[in-house]
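This report introduces a structure to a reader who has not met it before. Please keep the sequence and the three-dimensional view at hand while reading.

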Amino acid sequence: MQQRLTQMKQDALAALAQVNDAQALQDLRVKYLGKKGELTEILRGMGGLSAEERPVVGQLVNEVRAAVEEAIGAKQEEFEQAELTAKLASQSVDVTLPGRPLKSGTMHPLSRIIEEMEDIFIGLGYEVAEGPEVELDQYNFEMLNLPKDHPARDMQDSFYITEEILLRTHTSPVQARTMLAKEGKTPVKIICPGKVYRRDDDDATHSHQFTQIEGLVVGKGIKMSDLKGTLLTFAKQMFGPEQQIRLRPSFFPFTEPSTEVDIQCILCHGNGCRVCKQTGWIEILGGGMVHPRVLEMAGYNPQEVSGFAFGVGVERIAMLKYGVEDIRNFYTNDVRFLRQFNRT
Ligand code: DAH
């Protein structure tokens with residue numbers, strides 16, 4: 001019997017060494033260790049052994065079983081490993097494949113200009129103010145020295161909601177609102193970006209809704225030269241250190257004196273081209289010294305303080321800076337246009 005066991009162990013280990021698939025391994029397990037397997041059969045036959053032989057054979061049986069179980073376990077692990085490796089290989093990711101690009105939005109060109117202008121003016125010590133787009137006639141016109149029936153109201157065709165309420169035609173009403181909120185205190189140093197509305201027929205250079213940035217400084221001894229220096233600094237930061245500006249006399253009811261400000265044409269650098277209509281200059285904003293009546297109505301004594309103000313057209317700046325020829329591009333939301341303004 002001992003010999004048979006030893007032989008069986010050898011056969012089993014030899015057979016296991018040959019096995020190379022999970023089913024064959026299972027068959028061998030049944031053949032040797034199963035209920036009707038060879039080892040069980042030997043155990044059953046142990047009843048006929050003598051008392052001396054029994055423990056010896058019993059120990060041998062256990063040894064054989066342990067050896068066979070161990071060999072089966074090792075094989076099984078080997079198969080599982082192989083299966084896992086095969087699975088990993090079949091499911092592996094090729095990291096060299098180009099990825100699918102995520103669709104990301106870009107910043108609107110007008111928002112970019114506003115942000116750039118805010119950065120410039122915050123750098124000069126300004127705060128950013130806000131005001132409502134649906135505005136009272138009182139702030140939009142009256143407190144800016146444009147009483148009812150003043151002919152200069154015609155300069156700004158308005159969308160009226162009621163007799164007294166309209167869509168603001170410019171960001172200038174924020175001047176009055178800011179000064180009133182300051183209750184006579186100085187200094188006032190704000191810019192206010194925002195949408196404005198006018199009854200205009202839309203074409204390449206006109207839009208019934210557009211964007212302005214208002215600037216206002218009030219304090220002791222503020223002079224026209226402060227306005228000029230501020231606007232020159234702004235122009236150089238926005239368009240480059242070589243940029244020049246030119247002030248032309250103009251008229252606004254809320255400033256005295258008033259000026260329109262041109263930058264040297266950024267396309268032809270002053271030589272004259274189609275964009276600047278051969279003049280070499282392009283108008284970008286209006287401004288001037290805050291009218292004494294405007295200061296007075298907002299609670300300031302024009303004998304003690306003075307101020308300057310200006311209003312910039314954001315679309316105009318964006319068109320010049322990015323070479324956009326039609327203002328409607330900013331509002332029609334064509335992604336082919338908008339995608340060109342990556343945030344880089
Ligand atoms: N509000 C004017 C406009 O929309 C622009 C302007 C001119 C604003 C002179 C000002 C200013 O603050 O002082 O045409």
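The sections below describe the ligand site, the aromatic pairs and some features of the backbone in what is a predicted model.

## The ligand and its pocket

The space that the ligand takes up is the largest pocket. Three elements each give two or more residues to the shell around the ligand: strand E5 (209–219), strand E8 (281–290) and strand E9 (306–313).

There are 16 residues around the ligand, and those that come nearest are His-170, Gln-175, Arg-198, Gln-212 and Glu-214. Sorted by class, the shell consists of 10 polar, 4 nonpolar and 2 charged residues.

## Polar contacts to the ligand

Two side chains may be considered here. Arg-198 places a polar side-chain atom 2.7 Å from an oxygen atom of the ligand; Arg-198 is also among the residues that come nearest to the ligand. In Ser-172, a polar side-chain atom lies 3.0 Å from a nitrogen atom of the ligand.

The backbone takes part as well: a backbone N or O atom of Ala-309 is found 3.3 Å from an oxygen atom of the ligand. Taken alone, the ligand exposes 360 Å², and the protein buries 92% of that area.

## Aromatic pairs

How many aromatic pairs does a search of the whole structure find? The search finds 8. One aromatic pair is formed by Phe-121 and Phe-234; the pair is tilted, with 5.7 Å from centre to centre and 35° between the planes. The classification as tilted follows because planes under 30 degrees apart count as stacked, those over 60 as edge-to-face, and the rest as tilted.

This pair links distant parts of the chain. Phe-121 belongs to helix H5 (residues 109–123) and Phe-234 to helix H8 (residues 224–239), and the two residues are 113 residues apart.

## Features of the backbone

Two cis peptide bonds may be described in turn. The bond that joins Thr-186 and Pro-187 is cis, with omega about -5°. Pro-187 is placed in the loop between helix H7 (173–182) and strand E4 (188–197). The peptide bond from Glu-256 to Pro-257 is cis, with omega near -5°, and Pro-257 lies in strand E7 (residues 255–264).

Asp-149 shows another kind of feature: its phi is positive, about 70°, although Asp-149 is not a glycine. Asp-149 is located in the loop between helix H6 (137–140) and strand E3 (165–167).

Note on methods. Residues are numbered from 1 along each chain as its sequence is written. This is a predicted model: local features need pLDDT of at least 70, side-chain atom pairs count only at pLDDT 80 or more; totals for chains, interfaces and linings use all residues. Side-chain values use heavy atoms; hydrogens and water are left out. A residue is near a molecule or strand if one of its heavy atoms lies within 4 Å of it. A polar contact is a pair of N or O atoms within 3.5 Å; within protein, one must be able to donate a hydrogen and the other to accept it, and residues adjacent in sequence count only if both atoms are side-chain atoms. Accessible areas come from the Shrake-Rupley method with a 1.4 Å probe; for residues, only the protein chains shown count as cover. On a 1 Å grid over the protein atoms alone, a cavity is a set of points where a 1.4 Å probe fits but cannot get out, and a pocket is an open set with protein on both sides within 12 Å along at least five of seven lines; lining residues have an atom within 4 Å of a point. A molecule sits in a cavity or pocket if more than half of its atoms lie within 2 Å of its grid points. Helices (H or I, at least four residues) and strands (E, at least two) are DSSP runs, numbered from the N terminus. Ala, Val, Leu, Ile, Met, Phe, Trp, Tyr, Cys and Pro count as nonpolar, Asp, Glu, Lys and Arg as charged, and the others, Gly among them, as polar. Rings of Phe, Tyr and Trp (its six-membered ring) pair if their centres lie within 6.5 Å; planes under 30 degrees apart count as stacked, over 60 as edge-to-face and the rest as tilted.
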